[in-house]
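This report concerns selected strands, hairpins and aromatic contacts. Please consult the sequence and the structure shown here while reading.

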Amino acid sequence: MLGQQARPFGETAVRLHRLHRGARFRGAAGLRAPSMQPQRGSSSADGAGPAWMVMGKGAGPSVAAAARILAALIYLFPAVSLQCKILKCNSEFWSSTSASGSEMDFCIALRAYNTCVRRTARTCRGDLAYHSAQHGIEDLMGQHNCSKDGPTSQPSQTRRGSQDPLPPPDSQERSDGPEICHYERSFPRHSAPPNYTHCGFFGDPHLRTFSDDFQTCKVEGAWPLIHNKYLSVQVTNVPVLPGSATTATNKITIIFKNFQECVDQKMYHAETDELPAAFADGSKNGGDRHGANTLRIVEKQPGQHVEIHARYIGTTIVVRQVGRYLTFAIRMPEEVVNSQEEKDDHGLYLCRDGCPLSQRIDLSSAKDGRGSAGEGGPPSRGFTYQSAMAACKVRLPVEDLYFHSCVFDLITSGDVSFTMAAYYALEDVKMLHSDKSKYHIFERSWPVSSSVPGKPLARALCFVNFLAVVLWIQYCSLHL
């Protein structure tokens, strides 16, 4: 974590750590766990804190409620390593228990989940989410009188082969909710339409800010992209190659804060090879409030492309996995972008403020062979400047900054998947940006030619031209 840059998420991390320390399973005394969906009328001082609920033995949780509790505990700790696949086990367990079923079905799914968790023991040893899952399974087995020995079935197989009737529709099928939960409808009739802005983050990474500035950055570690009254977005970047200054995104965390009668607080967490089609609590919409359907997740391509539509704030988010890394794009009204919480410390948010000068990389460094911003990075891995241009030209015929970012990424990493990352980033611009004339961005100083004269020579040439004009005027006035 990078100190000041990660400050918007610091308080949340401390709060979650305290919740974890207090969320000990008590066997016969009942299960105490934080709820990811705040109860109405009860929230923390900042309006975003989770509520507590306690369930005794005499009031055992339903199958769906128990699954939500276990999912909440596991997703409180999204920073799971790429080797530890505990999130995948949890996602499959939630999918198999999302519909109400018998106690026997729940026990079968719970034993299958226990088997999946035990298989991750070697790679997840010492991980908080892994150990929370272990304790949670034991407690749920006790509450539902499930034996550890018995039939098991993989949640994914149960989901595909089940002939049970369809579950009752969730709140996405309900009415659209109150007018306040529709951003565009909240404006007076005949008023000017809202001004939408776009931010994108992709590749090594390259940043397009809400003000259409285009930058290439190092920003290794966790950095905040967006933080306002309604949502927060944080990305985590890792070096593309050992010793290289270029990085790429392997984790994205998005928190939607609870908003009036529209949506509950929701968290979405994605990382390499884990691009879920649901929020951290397993739901696909904004919870149980009347306007919950104004926040929903749509899976466009399993494991590769997810969209989150937040109509109550007029926002659309696109998260993709391209190759080994993630990309992010958002369309958001300018009013929402500039909204701030009362206690906001006006920290640095990349989509709004851009990368710090110390973290920026010159795209032209790839052209002159410096590759990693002149910091002694590793040499190019299989691409020359000409061959990289030829490869990028196939998908990006216009030589804008998306094209040059593709060239930069190929030279510095040798990973051809960055070609598609740049391509999809531009496609997301075409889908999300409100101004067609700004789809392509061109750097005025690109390319830099070595034949451009220096300032002293340029001044001398200007003086010579001026002197020639004066002499020609005098000549004409004497002989004509």
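At 2% relative accessibility, F418 counts as buried, a term that stands for under 20% relative accessible area, with exposed meaning over 50% and partly exposed in between (1.4 Å probe, protein chains only). The model is a predicted one, in which local features need pLDDT of at least 70 and side-chain atom pairs count only at pLDDT 80 or more, while totals for chains, interfaces and linings use all residues. Residues are numbered from 1 along each chain as its sequence is written, and side-chain values use heavy atoms, with hydrogens and water left out.

**Aromatic pairs and charges over rings**

Rings of Phe, Tyr and Trp (its six-membered ring) pair if their centres lie within 6.5 Å; planes under 30 degrees apart count as stacked, over 60 as edge-to-face and the rest as tilted. By this rule the count comes to eight aromatic pairs. Two of the pairs are set out below.

| Pair | Centre to centre | Angle between planes | Class |
|---|---|---|---|
| Y230 and F259 | 5.7 Å | 70° | edge-to-face |
| Y325 and F418 | 5.8 Å | 10° | stacked |

The pair of Y230 and F259 links distant parts of the chain, 29 residues apart: Y230 lies in the loop between strand 6 and strand 7, and F259 in the loop between strand 8 and strand 9. Helices (H or I, at least four residues) and strands (E, at least two) are DSSP runs, numbered from the N terminus. Both Y230 and F259 are buried.

The pair of Y325 and F418 also joins distant parts of the chain, with Y325 in strand 13 and F418 in helix 12 (residues 417-432), 93 residues apart. Y325 has 7% relative accessibility and therefore counts as buried. Elsewhere, F202, F214 and Y402 form one aromatic cluster.

A charge sits over a ring if NZ of Lys or CZ of Arg is within 6 Å of the ring centre and within 35 degrees of the ring normal. R331 lies over the face of Y196, at 3.7 Å from the ring centre. K393 is placed over the face of F403, at 5.3 Å from the ring centre.

**Strand 12 and its neighbours**

Eight of the eight residues of strand 12 (residues 315-322) are buried, so this strand is largely enclosed by the rest of the structure. In a regular strand the side chains alternate between the two faces of the sheet. From strand 12, T315, I317, V319 and Q321 point one way and T316, V318, R320 and V322 the other way, and all are buried.

Two strands pair if DSSP finds at least two bridges between them. Strand 11 (residues 305-310) pairs with strand 12 in the antiparallel sense over six bridges, and E307 stands opposite V318. On pairing with strand 13 (residues 325-333), strand 12 again runs antiparallel, with seven bridges; here the bridge partner of V318 is A329.

Both connections contain a glycine with positive phi. In the hairpin of strand 11 and strand 12, with four residues between the strands, G314 has a phi near 60°. In the hairpin of strand 12 and strand 13, with two residues between the strands, the phi of G323 is near 70°.

**The four-stranded sheet**

An open sheet of four strands has the order 6-7-8-9, with antiparallel pairing. Its edge strands are strand 6 (221-227) and strand 9 (266-271), each of which pairs on one side only. The twist averages 20° from one strand to the next. Within this sheet, nine bridges join strand 7 (residues 231-239) to strand 8 (residues 247-256), and L231 has F256 as its bridge partner in strand 8.

How values were computed. Axes fitted to C-alpha atoms, helices over the stretch in contact; angles between N-to-C directions.
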